[in-house]
Amino acid sequence: MKIKFLKSNIFKPQFLLILLVVVFSSCEDPTPKPNNNKEPKTTKVEPTDSHSYANIDVIRTKHLHLEMDVNFENQTIYGIARHQMVNKGTKIAIFDVKNLAIQKVTLGETEEVETTYVLGENDSLLGQPLSVTVDSNTTFVNIYYQTTDKCEALDWLEPKLTSGKKHPFLYSQGQAILTRSWIPVQGTPSNRITYSADVKVPIELMAVMSATNPRELDSLGEYHFEMKQAIPCYLIALAVGDLRYVDLNENCGVYAEPEMIDACAKEFEDLPTMKLTAEKLFGKYQWEQYDVIVLPDSFPFGGMENPRLTFANPTLITGDKSLVSVIAHELAHSWSGNLVTNSDWDDFWLNEGFTVYIENRIMEELEGKEISDMLSLIEFQELESEMEVISAGAHPEDTKLKLSLDGRSPDDGMTSVAYVKGAYFLKTLEKRVGRANFDVFLKRYFREFAFQTITTEQFEKFLNERLLNPMRIRFNTKEWLYEEGLPKNCVKIESKRFDMIQQYVDLVVDGKNIFKRNYVDGKKLQVKSRDQFITQEWLAFIRALPDSLPLQTYRNLDARMNFKNCGNAEIMFEWYMKNIDAGNDKVYPQMKRFLTKVGRRKFVEPLFEKLNETEVNHAWANRHYADIRDNYHFVTRNTVDGILKFKPMVKAGSK
Ligand code: BES
Ligand code: ZN
């Protein structure tokens, strides 16, 4: 009788719960350490990603099914993350979570049984390990949770921050390690998963993801998504808003708010050609559909390569297609990054360096070498100045391609070193082995490592075995990958058009009026309108102006060219940077408008950094930042808070 009593109770979930809690709490320290803990481990092989707690070496998610209710009233997602796992016989499954409220965790596919879990200590960067008790044969773990107001991935926008100003908007940004703040995941790029989702949103809004997508509103606000190709979890993405779709061909199109959709479709009308060009160079596009969604102004990046659906910044919509190379970049990630993925964030250059290289090759095909060289030179100028800053700073080792970001934010690796030094490494290799050979090698690289993750060391080996050794070519690969600075054999790009721009700059420096006829070496130089030069030429022009010119010179240039208010964010940004240095406060009202509207970190961060350099400017920045801070996504807000050492006042209802 006694035994029977015990038996019947032991299978009751409550009893199991108590038992497991007792077992757990009797362990010495159930909190897994982040994987940068270098202590020798005897029982378990530690995964190498220092930015994840997950124990993917013994249990890993294979497929994730999400059930999400998106509630705009309290800006919360109520979710269930159903992980289908490959279990090598472990009793604990560790997930990454950050600022999530966990309600319960169950095991099982059809019949769910509640299990115990422990949330470890919160690390301000990595969040918490969520250690779930499983059986050695468990393959389904279901985590019931909700997001909180400290969620870092999600940007909940009030209607006033959208184009239409009538409906709210929501989008996510997962890269690098923010997915764990809206979904409990194993947050390392070295694990690839397929995913599906059932998402419920208010009936007047459409939901789209980095997956199969709807093209029309669902009358019940219920959407189903499938991502059948395995991806790293930083590529799971969601956007919800008043959206329209326009197709550019049968497998390529654009989403945007209704007010923007026509302009967006026009700006990106060459996308199908771009895709064909990329396929010709690097092999078949593996994701079936390629769409772009243009998000509201707060989106912190120029673009984000969410598979099947690039997220794009509205600053790309200039009306003249002058910034479409950003879309070429995000499309290029369909090969470098999404198909072949960096193993962890120390290998970030494998994502971005390759992508900048491919972006440039696409632009060369589409626009010709003269233009693609200018694009590439503009980036090289950025690399040179950023390398100088990094070399003089606390982490000169950040000028290496292979990084070591243990204990630091992966964001620290997001510099032009990964992007531009990475791309110039590949350009230099290409020059050394010849384009035809290099193209064969690249196609093979994407074929061989498709749907896998890769480290710098693996790439090095592949490069030696498949390209350099067979061709008996000696190349300073190690110097490029593992040493600081820029190797001497780096290719040099020249541009006649930039040389001519320099002549205009020289005229300005000599006090000449470039809007009138000037003759240099018998050649007539005169600026008649802004259309005379492409965006990159104007950027080169503005950058080359010395800060020391008389104030009136800047004001005259602006009076004629209206840089400060020209509508092209790249030019406006460059102009504000120059004018802060030059002390021309006439641009400040427009700069404030720009900083209020545009949340793209590439612009916002350097402007605040520059403003921070003098006391007067710092005071100006601080005064205005308090008003505009709430317009920004966490990524940008967090960066600017750090620059200004801004301590927000806690006001009710603020983010
Ligand atoms: N994948 C990046 C954006 C990113 C990197 C987000 C790291 C979070 C962490 C994206 O592809 C990118 O590089 N965007 C650039 C565009 C570009 C043309 C260099 C940007 O946003 O400016
Ligand atoms: Zn990129």
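**Notebook: five residues looked up**

I began with Glu 288, which I found in the loop between α4 (271-282) and β17 (290-294). The model I am reading is a predicted one, and I keep that in mind for every value noted below. The backbone of Glu 288 caught my attention, since this residue has a positive phi of about 65° although it is not a glycine. I then looked up its accessibility and noted a relative accessible area of 52%, so Glu 288 counts as exposed, the cut-off for that class being over 50%.

Next I turned to Gln 75, another non-glycine residue for which I noted a positive phi, here of about 45°. I placed Gln 75 in the loop between β1 (59-71) and β2 (76-87), and its relative accessibility of 30% makes it partly exposed. As background to both entries, I reminded myself that most residues other than glycine have a negative phi.

I went on to the peptide bonds, most of which are trans in general. Between Gln 175 and Ala 176, however, I found a cis peptide bond, with omega at about 0°. Ala 176 has its place in the loop between β10 (169-172) and β11 (192-200).

For Gln 128, I first asked myself whether the residue is buried or exposed. I read a relative accessibility of 15%, and Gln 128 therefore counts as buried, because the class takes in values under 20%. Gln 128 belongs to strand β7, which covers residues 128-133. I followed its side chain to the backbone oxygen of Gly 120, which it reaches at 2.9 Å. Gly 120 also appears in the contact list of Gln 128, which I took without neighbours within four places in sequence, and which further holds Tyr 53, Phe 95, Asp 96, Val 97, Leu 119, Glu 121 and Asn 122.

My last entry concerns Glu 570, in helix α15, which spans residues 569-582. Its relative accessible area is 9%, so I recorded Glu 570 as buried. Which side chain makes a polar contact with the side chain of Glu 570? I found that of Lys 602, at 2.9 Å. Once residues up to four places away in sequence are set aside, Glu 570 touches Lys 602 together with Leu 323, Thr 535, Leu 539, Arg 600 and Phe 603.

Terms used:
Residues numbered from 1 in each chain as written. Chains lettered and ligands numbered in written order. Predicted model: local features only at pLDDT ≥ 70, side-chain atom pairs only at ≥ 80, totals over all residues. Heavy atoms only, no water. Helix = DSSP H or I, 4+ residues; strand = E, 2+ residues; numbered from the N terminus. Buried < 20%, exposed > 50% of the residue type's maximum accessible area, 1.4 Å probe, protein only. Polar contact = N/O pair within 3.5 Å; in protein donor to acceptor, adjacent residues only side chain to side chain. Contact = heavy atoms within 4.5 Å.
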